[in-house]
Amino acid sequence: MAKLVALQHQNHPSFSLLHSSSFSDFNGARLHTSIQYKRKPVQPKGALHVTASGTKKILIMGGTRFIGIFLSRLLVKEGHQVTLFTRGKAPIAQQLPGESDKDFADFSSRILHLKGDRKDFDFVKSSLSAEGFDVVYDINGREADEVAPILDALPNLEQYIYCSSAGVYLKTDTPPHYEVDAVDPKSRHKGKLETESLLRTRGVNWTSLRPVYIYGPLNYNPVEEWFFHRLKAGRPIPVPNSGLQITQLGHVKDLAKLFVLVLGNEKASKQVFNVSGDKYVTFDGLAKACAKAGGFPDPEIVHYNPKEFDFGKKKAFPFRDQHFFASIEKAKSVLGWRPEFDLVEGLTDSYNLDFGRGTFRKEADFSTDDIILGKNLVLQS
């Protein structure tokens, strides 16, 4: 039997969004209710002004890793009733770096949990039908058949907000990618394309966000962490080919704010939006930006031709060896969203709240580096 559980077994309180109280954000910034999103120069990075559009009963598919952690906190602070649907393998709430005891206790007493496997379609249908939700945020959906049971269970759903990927685009000689560009039905993200197609055909009110590379505190993908490990060890950084390949990173807190901004927003109805940072960066430039963010000296960068090596199943570099970036002008012009972090600021935020505190997701593995650097030394001699 489906069962909703509130942490600490406290009753879910009611909220009035039209008050002047404030809450601490993850890095000590303050979050205040307001009429519209605004950026104020005097505010620390990460501060957010949100629109009080009425309390919603919200289901987040996932929510205990990276994006969902930041999103769920913003939604709870805005006054919504938020339930996380997870398998229960990770704690539903954990205190984050820079988060006060009071704010953590406040969040953990309000967040709800629905334990189950989203691939158990019968359970999904029965449990979601019994509970009823106004809005679904799907953070971890990868295949369309995982989404159909949710739509079946919630025929009166107000909005389905989906985390897709800019990886769905067909490789092009004329970047950046725009939302109207051709997509690749054979990409490893084809399941996300099929999900977007399902949402269109089912007639539900949907919004899809397509991030490029996401970074920030608690990132479980080895993006900035890959560079930080090498910088901390004082090692050269192996970068494939010229290092002039252009890519793009978006901070997780900026992505979370866009997720909140599309909630109940008519301009976001049945729309796709790219989301990332304002600027593009080369691979070499990213290595230098990570060094600056962590207070390390300029790194030694070693370029290599990946075709000359056989790394087996190991990945020698955390990015696609190609130009890969997308335009975010649609989200900016249509929704009025602006990424708050520039790259070095965002990397500094990530370093200070995560790697710089001695926490990371994966231990350093320099085995592929040693193969590259060993050959490089032979060629030099």
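The crossing of helix α8 with helix α10 is right-handed, meaning that the near helix is turned clockwise from the far one by less than a right angle, where anticlockwise would make it left-handed. I start there and come to the rest of the chain afterwards.

First, the ground rules. This is a predicted model, in which local features need pLDDT of at least 70 and side-chain atom pairs count only at pLDDT 80 or more, while totals for chains, interfaces and linings use all residues. Residues are numbered from 1 along each chain as its sequence is written, and side-chain values use heavy atoms, with hydrogens and water left out.

Back to the pair. Helix α8 covers residues 283-294 and helix α10 residues 343-353; their axes come within 8 Å and cross at roughly 55°. The axes are lines fitted to C-alpha atoms, for helices over the stretch in contact, and the angles run from 0 to 180 degrees between N-to-C directions. At that angle α8 is oblique to α10; under 35 degrees counts as roughly parallel, over 145 as roughly antiparallel, 65 to 115 as roughly perpendicular, and the rest as oblique. From α8, Leu-286, Ala-289, Cys-290, Lys-292, Ala-293 and Gly-294 meet Leu-343, Val-344, Leu-347, Thr-348 and Tyr-351 of α10. By class, this contact has 8 nonpolar, 2 polar and 1 charged residues. Here Ala, Val, Leu, Ile, Met, Phe, Trp, Tyr, Cys and Pro count as nonpolar, Asp, Glu, Lys and Arg as charged, and the others, Gly among them, as polar.

The next pair is α1, residues 67-77, and α7, residues 252-261, packed at about 50° with axes 9 Å apart. That makes α1 oblique to α7. The crossing of α1 and α7 is right-handed. On the α1 side the contact uses Ile-67, Phe-70, Leu-71, Leu-74 and Leu-75, and on the α7 side the residues include Val-252, Leu-255, Phe-259 and Val-260. The contact of α1 with α7 has 10 nonpolar, no polar and 2 charged residues.

Now the whole chain. There are 11 helices and 17 strands, taken as DSSP runs (helices H or I, at least four residues; strands E, at least two) numbered from the N terminus. Of the 381 residues, 54% are buried, that is, under 20% relative accessible area, with exposed over 50% and partly exposed in between (1.4 Å probe, protein chains only). Among contacts (heavy atoms within 4.5 Å) between residues at least 6 apart in sequence, 79% join residues at least 24 apart.

One buried position is Ile-58, with a relative accessible area of 0%. Ile-58 sits in strand β5, residues 57-61. Beyond its neighbours within four places, the contacts of Ile-58 include Leu-75, His-80, Phe-133 and Leu-263. The C-alpha atoms of Ile-58 and His-80 are 6.9 Å apart, with their positions 22 residues apart along the chain.

Helix α6, residues 224-232, has 8 of its 9 residues buried, among them Trp-226, Phe-227 and Phe-228. Gly-234, with a positive phi near 70°, follows α6.

Last, some backbone details. The bond from Pro-175 to Pro-176 is cis, with omega near 10°. Two residues other than glycine have positive phi: Leu-218, near 75°, and Lys-270, near 55°. Leu-218 is in the loop between β11 and α6 and is buried, at 16%. Lys-270 is in the loop between α7 and β15 and is partly exposed, at 46%.
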